Amino acid sequence: MYIIAGLGNPDKQYEGTRHNVGFEVIDAIADQYNISVDTRKHRALIGKGVIGGQKVILAKPMTYMNLSGESIISLVDYYKVDIEQELIIIYDDVSLGVGQLRIRAKGSAGGHNGIKSIIAHLGSQVFPRIKVGVGEKPPKYDLADYVLGHFTKAEHELMEEGYRNAVHAVEMMTAGEIQVAMNEYNRKKKEE
């Protein structure tokens, strides 16, 4: 079984913001696989389903970003998954271009407070993750203001493609093909 968790903030005011792309990817997976993510458990909205023959739990922690680890540890402990193989965390990354993906089997928080919380609660940096690029913060912008801001129309189109790619990456990862997913999505996009 896999736990696939997308990070974000629960309130309406955060819908569609850069910081909520993890929730957006979970919604895209839920739509693709007809999974209802509407059960409140483990301080998250969760839904159970199947992707490519694999049982999955889709999760959107409702703890607010900076406390994401509280929900994730509860899910991991309850479902007894192997965090190094069966946990996939999806979140925003300001060091990647809009809609670009970077897949890792492990790594540091890189300044992301949601991931810091998860690492602190799991006691490990070794868990697969999909970073979804939201574009670099413009100079003189406050980082919090930037990640809590919305996408432009042009960026939104790039993000839609990013969400589709993230769904495809999850399909590969739940099939045990994390290396294939990395090879496909970690390449730098060629300049148009």
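## Ground rules

Two strands count as paired if DSSP finds at least two bridges between them. Strands here are DSSP runs of E with at least two residues, helices are runs of H or I with at least four residues, and both are numbered from the N terminus.

This is a predicted model, so local features need pLDDT of at least 70 and side-chain atom pairs count only at pLDDT 80 or more, while totals for chains, interfaces and linings use all residues. Residues are numbered from 1 along each chain as its sequence is written, and side-chain values use heavy atoms, with hydrogens and water left out.

## The parallel strands

Let's start with β5 (87-93). β1 and β5 run parallel and are joined by 4 bridges, with I4 standing opposite I88 of β5. β5 also pairs with β7 (129-133), again in the parallel sense, over 5 bridges. Here D92 has V132 in β7 as its bridge partner.

Is β5 enclosed or open? 7 of the 7 residues of β5 are buried (under 20% relative accessible area with a 1.4 Å probe, protein chains only; exposed is over 50%, partly exposed in between), so β5 is largely enclosed by the rest of the structure.

## Two hairpins around β3

β2 (39-41) and β3 (44-51) run antiparallel, joined by 3 bridges, and R40 stands opposite L45 in β3. They form a hairpin with 2 residues between them, and H42 in the turn has a positive phi of about 55°. R43, in the loop between β2 and β3, also has a positive phi, near 55°, though R43 is not a glycine.

On the other side of the story, β3 and β4 run antiparallel with 8 bridges between them, and I51 has Q54 in β4 as its bridge partner. This pair makes a hairpin too, with 2 residues in between and a positive phi of about 55° at G52 in the turn. As for burial, 6 of the 8 residues of β3 are buried, so β3 is largely enclosed by the rest of the structure.

## Helices α2 and α3

Helix α2 covers residues 68-79, and at 1.5 Å a residue its 12 residues should span 16 Å; that expected span is 1.5 Å times one less than the number of residues. The end C-alpha atoms of α2 are 17 Å apart, which agrees. Its buried residues include I72, I73, L75 and V76, and the buried residues of α2 pack against β1, β3, β4, β5 and α3. Right after α2 comes K80, with a positive phi near 55°.

In α3 (113-122), the buried set is G114, I115, S117, I118, I119 and L122. The buried residues of α3 pack against α2, β5 and β7. G123 follows α3, and its phi is positive, near 70°.

## The nonpolar cores

A nonpolar core is a set of buried Ala, Val, Leu, Ile, Met, Phe, Trp, Tyr and Cys residues joined through side-chain atoms within 4.5 Å. Which members of the largest core touch the most other members? Of its 35 residues, they are I4, I29, L58, I90 and I130. Helix α5 (residues 153-174) gives the most to this core, with 8 residues.

Leaving aside neighbours within four places in sequence, I29 is in contact (heavy atoms within 4.5 Å) with I4, I51, L58, I90, V167 and V170. A second, separate core of 24 residues includes I57, I73, Y91 and I115.

## One exposed loop residue

K140 lies in the loop between β7 and α4 (143-147). Its phi is positive, near 70°, in a residue other than glycine. K140 is exposed, with a relative accessible area of 87%.
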